[in-house]
Amino acid sequence: MAAAAAAAAADEAWCRETVPRVMELVSPRLPQRDACVLLSVSPWCHRALAANPKLWEVLDLHEMKKAGERLISALSLARYRHLKVVNLEFAQDIEDRHFLRLKETGAILLEELEFLNLNACQKISDTGIGAATSLCPNLRALSIYWIVGLTDASIEHVVKNCKQIIDLNMSGCKLYFLVAFYPTDWIYITCTQNISDRGIQLVADNYQGLQKLDITRCIKLTDDALQKVLEKCSALESLNMYALSSFTDKAYTKIGYLGNLTFLDLCGAQGSQNLTDDGLSSISRCGSLTYLNLSWCVRVTDVGVVAIAQGCRSLELLSLFGILGVTDACLEALSKSCSNSLTTLDVNGCTGIKIWFSYSSFLQMNCLIDEYPCSTEEEPGRADPTVPTIELLQGAQLETTAQHTGGAGGWTIELVAGADRPMGWAIALHGGAGDIPRTLPPERREPRLATLRRCLDLGAAALRAGRSALDVVELVVRELEDCPHFNAGKGSVLTSDGTVEMEASVMDGTDMRCGAVSGLSTVVNPISLARLVMDKTPHIYLAFDGAEAFARDQGVEIRDQSHFITEENIERLRNAKEANRVQIDYTQYNYTQPIQAPNDDDNSRTGTVGCVAVDASGGLASATSTGGLVNKMAGRVGDTPVIGAGTYANALCAVSTTGKGEDIIRHTVARDVVAVMEHRGLPLEEAAARVVAGVPRGSVGLVAVSAAGEVTMAYNTTGMFRACATEDGHSEVAIWPA
Ligand code: ASP
């Protein structure tokens, strides 16, 4: 009994003394949601946390369900009495009535509230804004981004209730998504704000100390009203005017008077910006500018950008995206004047920019534009051919747009043609990349080429018959797995223990589902098991015993190891062991020693397999399968089953890779091709070439197709067994460069 009492006393002492101290230490680092969970752990935790006022200065309900009810109950708690920030961004179930209820109770006045974020709370109307702002008279920042129903009446409430505003975000937004019925087109849903000149005039009259203003997509505003704001709110440090087409130089010239301006976004989205060199020359008076986005300001030329270079010597970021009228001349001016500050310069789509700069001039400029190893050939204008060069991004296709305008409540719908899709289906496959000598004997070459040709025909026929890209890549890779000439399925190479450990993955670009397996020793077609993981489990990746058990569960064809262990592969392993090397496909690969020169009549040449396809309706898929590396450690997993490295597909493009798995994983090769297309707007071939060039020489090959029906087969090894065909009749089977 005494012992129990002593333990209880110690427990209590621990709770009383230690818990508050621990809570004091950890609470500054806790996200508020975690702190709320901890409250219920014990009365001691509760007491310790509730007593820490810093923790309750923020009420974070963003994206939460039943946010209105939660807000009301939170505000009834004493610990929230000193709230500074309320975040309701994208919160659900928050409506006018919640703020009205708070107002009616009369008890709650958020006197210390500085920032109220109501972004995308679509059920709030002007009435709700009125009630909400009446609760917080000392608000300094208000964000009402993308609330479709708001009008000037909201601004009236704001200026009446909150006299201290210095940061106002009233922008509309733009959503875009791929439409199912025509998968290569993007629907852009643009939500503009209804706030008009009257609203902005109120802002100008009441908030002369305004520091940040975002009027993105407030398309009802006119030049006159903007001029007034710019004249009156001369303390502005940040001005966001993205996607506004109605303003002219009359208003833009006034921006030049904003002496404190550091951030200016004038992106003309879809090429509708009226800003000309005159307006830009005035803006060049803003000597403190560090961020300037001129994307799609299509009337601008070198004259305006040179003025900016000379006037804004602290620029850190400049985007000239999509401006056709700028040339090398403006870059020279920037390199002279802004070399100490500029870190990012976007000249994507600036087809007037032609020259190659020497690396040294950019080092001097300290400017990362876009960097990748270039060829060793001399380029015109390259100052020093011995130093690597940086190529300016250029020549990206501008989007063509068609617009349907209409809809109520300020919604505008634009249909923007993405990649045109005149080209129909396409397919590409590989049978491994490596240091394949041109002297590879015909008896080793021909059976593989014949298999590639047969599989290509099979895939093309299936696409012609209307099969989906996903079915086709699985079908083709199964066929390649069944062929003992390739390093996958039946031809899989052996581990240092003399066993097979096969791996494979598949990805469906239409919905980004994917499946992967590794460590298989009995499954005849690993690619189909990967597809079953994708289709039949909630997971993406199964390995070793679990994957084998799943295979048995699913009743897929299995064989004992002797089916896979071919004489050729035993010989390959013996050779690799004698030479003490781990070997990739066609190349001898040694982790510890330099790569040895390939031996022409080496009997060890075999290759991983992969297939990518785009079907007639633009659906994309990728599949890859391998036995890995000859003499690899048991348990080693390569790139092939790693989504993003060996295999990747989305709505834009599908990629399958081969080569040194470790390098491919490090460089996330498959995903990178897609990312370069997505983020740089480059065509497939250029994107793939660029990614391959960034991986160590001799280590990667890939096949890829895009939704537009483009095909590319890129490698930085001496060769790659590869084949492709497109609907327009092009077909190719090859090993080395043409
Ligand atoms: N990438 C494979 C691996 O490293 C080998 C290959 O592509 O040949 O496992």
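Let me start in helix 19, residues 567-578, where arginine 574 and glutamate 571 sit 3 residues apart, so about one helical turn separates them. Before going on, note that this is a predicted model. Those two side chains form a salt bridge, and the closest N and O atoms are 2.9 Å apart. How accessible are the partners? Arginine 574 has 42% relative accessibility and therefore counts as partly exposed. Glutamate 571 is at 28%, and so also counts as partly exposed.

Next, the network. Salt bridges with shared partners join Arg467, Asp471, Glu474, Asp508, Asp511, Arg513, Arg531 and Asp535 into one network. I will take one pair from it. Arginine 467 and aspartate 471 meet through their side chains in a salt bridge, at 3.8 Å from N to O. The cut-off for a salt bridge is 4 Å, so this pair is counted. As for cover, arginine 467 is partly exposed, at 38% relative accessibility. Aspartate 471 has a relative accessible area of 24% and is partly exposed as well. Buried means under 20%, so aspartate 471 is not classed as buried.

How many salt bridges does a search of the whole structure find? The total is 27. As general background, side chains of opposite charge can pair when their charged atoms come close.

One of these bridges links distant parts of the chain. Glutamate 69 pairs with arginine 97 in a salt bridge, with 3.9 Å between the closest N and O atoms. Which helices does this pair connect? Glutamate 69 belongs to helix 4, residues 67-75, and arginine 97 to helix 5, residues 96-105; the two residues are 28 apart along the chain. With a relative accessibility of 36%, glutamate 69 falls in the partly exposed class. Arginine 97 is in that class too, with a relative accessible area of 44%.

Last, something without charges. Val22, Leu25 and Val26 make a nonpolar surface patch of about 240 Å². Where does valine 22 lie? It is in helix 1, which covers residues 2-26. Why can valine 22 be part of a patch while being only partly exposed? Its relative accessible area is 36%, and patch residues need over 30%, so valine 22 passes that cut-off.

To recap, there is a salt bridge within helix 19, a network of eight named residues that includes Arg467 and Asp471, a bridge from helix 4 to helix 5, and a nonpolar patch that includes Val22. That is what I have for today.

Conventions. Residues numbered from 1 in each chain as written. Predicted model: local features only at pLDDT ≥ 70, side-chain atom pairs only at ≥ 80, totals over all residues. Heavy atoms only, no water. Patch = residues over 30% accessible without salt bridge, like charges linked within 9 Å, V, L, I, M, F, W, Y side chains within 5 Å. Areas by Shrake-Rupley, 256 points an atom, 1.4 Å probe, with all protein chains shown as cover. Helix = DSSP H or I, 4+ residues; strand = E, 2+ residues; numbered from the N terminus. Buried < 20%, exposed > 50% of the residue type's maximum accessible area, 1.4 Å probe, protein only.
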